[in-house]
Amino acid sequence: MGTSVLRTGWRPSSWVICLLVLSAGYLTMVTATGAAIDRVLMPMRFGVVDRQASGKVAIVEMDADSAAAIARWPWSRSHYAAVVDRLRKAGAASIVFDVDFSSPSDAAGDRALAASLSRADGRVALPTFGQVAGSDDQRTIDALPIPMLRGHAILASVSIRPDPDGQVRNMTMATVTAGQPRPSLSAFIAARSGAVDQEFPIDMSIDPSTIPRLSFVAVRDGRFDASRVRGRNVLVGATAIEMGDRYGTPQWGVIPGVVVQALAAETLIRGVPSYGSPLLVFLLAGIVVCVMLRFRTTVGSAVVMGVSLCVLILGVLLAQHYLFITYPIATAALMMVLTGMACLVRDVIGRFKRQRSVDEATGLPNSRQLLDLSNRGETIVLAVAQIGNYDPLRAVLGERGTADVVLRVSERLALVGERGQVYRMSDPQLAFCLPLDQSIDDALHGLRTIMLQQIEVGGRRVDVAMTIGIATGPCAEMERVIADASLAAEDARASDLFWKRAQTDIVGLERSISLMGELDDAIATGQIEVFYQPKYNLRETCITSVEALVRWRHPSRGFVGPDLFIPVAEKTNRIAPLTLHVLSHVIRDLAVLRAQHPQLTAAINISAKLLSSSSFNTEVERLIAAAGTPASALVFEVTESAAMADTNKAVAALHRYRALGIAVSMDDYGTGQSTLSYLRQLPLNELKIDRSFVQHAHQNPDDAILVRSTIELAHRLGLKVVAEGVEDDACFEFLRTSGCDMIQGYLISKPVPLQSLATILDSHYRYAA
């Protein structure tokens, strides 16, 4: 009873989870939360690649050795002049200072640096930056090199903007100082152009230790290898701890500002990176969430989540390191993980609920699930099937074998149950709902045929003795409906019936009809329909007659069985208008059918109490006289076991019908108390043997004797014999060889509406056993 990973489909909970996850993802994306998570993940994103510096940038570091050698701060700018001259002569492509020259130093040093800059032919860039005026004054003051240094140098922005957590991850392409846009040091070195305040992510996968470095004092004194700077862009800045100018980074910890500038320049040398749209990632993650929620199991959702996360991470890393586009990953990852967790929680809750609402032995839903239907605001027709020989089966087959029997039985019950759903109420009881728009009698007679077949379990065939109880009621009263149906199933077993309706249904419907006149309205509004069950002529091997059966299609109850409303109609004196209504229908339908099948006859059930009603008999004669259909096409079936209020009047009425040409049939022969007496008194043409004797006559010797003797007796009296309840080939063959004239039952056809009957007749139906 396992659940396949591939089972998919949206459930109501899927919509709720989807809405919550999308909302959480959107809030993460538009608030600082997503950016904070992405900052935490940044070291891992850079850590997957170990990239060497390009070698196009070198650092002249104002290190501890240089500070010790010069031993005075601030340094005279003559030292910087000497470094510029040395680097220029060594062939440096550019010389970029990350040193503040915004205030005058000693005059001689300032002049020396100005002269050195003039000799550098515009290859030197000096820093400019903005700074806050003071703790109580938040104005920004632009800091530029002193005027004498500006004439022969390029001014570049040295501004570094740490993130809220104090770490540096981004650099700008340009800023505005003194009203002029200035390229950043990194943009100047890499010769890249960009918009003012345009930020780009620094590639922290570049190992700063692979950037060539030279000591400031060594360069000043000429003690360095010129090839280490030839053709390179040289950054000059402080690395000594005592000089400050240090920043935290996500990958390399606290490093000097000049190294940060060098990493930014190395980044731009490879290409100009940018930030991808977070909305694109959000939408892609939303698609993944929808796919995950289509799976009915956590395993399926987890597989999709795992694959999608891998694809997402791989795609983001490829975009970041090779397409120079940095996409946020936190929102998408959070959405997928939240969905996975929600699916897991849903699955756990679902498993818990299933364990509480599923029968452990068979996996069928149990009574708890059936009771859950009580919140449905509608009427339900509930059938409770009781296995009468459950204990003997369990003694022979054991628990596992008996559970298999229950499953096989449930499969058969599902054929007629609403939506194929069957519930296990207790060890011997199963329950299912019948569709409201289906005749209960039709559904259960078909089921009875199926249940007569043996069930094979573990290599042996077993018979299942089953009875069914039916109860109707509102879902809100489910417990009462279950109890009524269970009692009806037990009553059916005690009465040796296949199915029985709960007594509360009969009483309730009787009260409803007697008080509200629903049957009158049903006749007036066309809710009463006429179905026809064919009678197969064994001698002529074709259908030569049909029996008219009344059906009530109630607007709220669905099909109401004739076993319910006909007894009520008799008690409430509504049987006469109901019978006349059916007779009118049959006469009209026969006129249509006999145009193609002139030998066809139709039988109508006549309540015994109507036979003594002169007004009813008068109306019958009027209808027949007015009809174009001959009276010989009609058969009136009278129930043998019905109590006749006035036998003499009833017999006289039947003689009048015979005089008109109407055939008379005795229905349900064998179930009454005065069989031989009626056979002598009534002017009969036909005898119908009750289904209770016919169905097992080919198996039960006693039933076989009764059926054969009845056929022989009827033929001696000049009567035709019709056998009811024929449902399998063996029974058909038994009746054929016994000399029966006609058979009726589900083996030939269930009761069908007029259109379906016409189709059966037009097909020149022939049955071959």
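**Figure 1. Helices α21 and α22 are roughly parallel to each other.** In this predicted model, the axes of α21 (residues 614-626) and α22 (residues 647-660) approach within 11 Å and cross at roughly 5°. An angle under 35 degrees counts as roughly parallel, and the crossing of α21 and α22 is therefore placed in that class. From α21, the residues F616, N617, V620 and E621 take part in the contact, where they meet A653, R656, Y657 and L660 of α22. By residue class, the contact of α21 with α22 comprises five nonpolar, one polar and two charged residues.

**Figure 2. Five strands form an open sheet with mixed pairing.** The strand order is β17-β18-β16-β21-β22. The edge positions are taken by β17 (422-426) and β22 (499-501); each has a single partner strand, so one side of each is left without a neighbour in the sheet. On average, and with direction ignored, neighbouring strands of this sheet are turned by 25° against each other.

**Figure 3. Strands β21 and β22 pair in the parallel sense.** The pairing of β21 (residues 466-474) with β22 extends over three bridges. Within this view, I468 is found opposite W499 of β22.

**Figure 4. Helix α14 lies across four strands, namely β16, β17, β18 and β21.** The helix spans residues 390-413, while β16 covers 379-387 and β18 covers 429-434. Relative to β18, helix α14 runs at about 10°. Strand β17, also crossed by α14, is one of the edge strands of the sheet.

**Figure 5. Strands β12 and β13 form a hairpin.** Three residues lie between the two strands. Strand β12 (residues 246-249) and strand β13 (residues 253-256) run antiparallel and are joined by four bridges. One bridge partner pair consists of T249 and G253, the latter in β13.

**Figure 6. Residue S186 of helix α7 is buried.** Helix α7 comprises residues 185-190, and S186 belongs to this helix. The relative accessible area of S186 is 0%; because buried means under 20% relative accessible area, S186 falls in the buried class. Leaving aside residues up to four places away in sequence, S186 touches M171, T172, F200, Q261, A264, A265 and L268.

Terms used
Residues are numbered from 1 along each chain as its sequence is written. This is a predicted model: local features need pLDDT of at least 70, side-chain atom pairs count only at pLDDT 80 or more; totals for chains, interfaces and linings use all residues. Side-chain values use heavy atoms; hydrogens and water are left out. Two strands pair if DSSP finds at least two bridges between them. Axes are lines fitted to C-alpha atoms, for helices over the stretch in contact, and angles run from 0 to 180 degrees between N-to-C directions. Contact means heavy atoms within 4.5 Å. Angles under 35 degrees count as roughly parallel, over 145 as roughly antiparallel, 65 to 115 as roughly perpendicular and the rest as oblique. Ala, Val, Leu, Ile, Met, Phe, Trp, Tyr, Cys and Pro count as nonpolar, Asp, Glu, Lys and Arg as charged, and the others, Gly among them, as polar. Buried means under 20% relative accessible area, exposed over 50%, partly exposed in between (1.4 Å probe, protein chains only).
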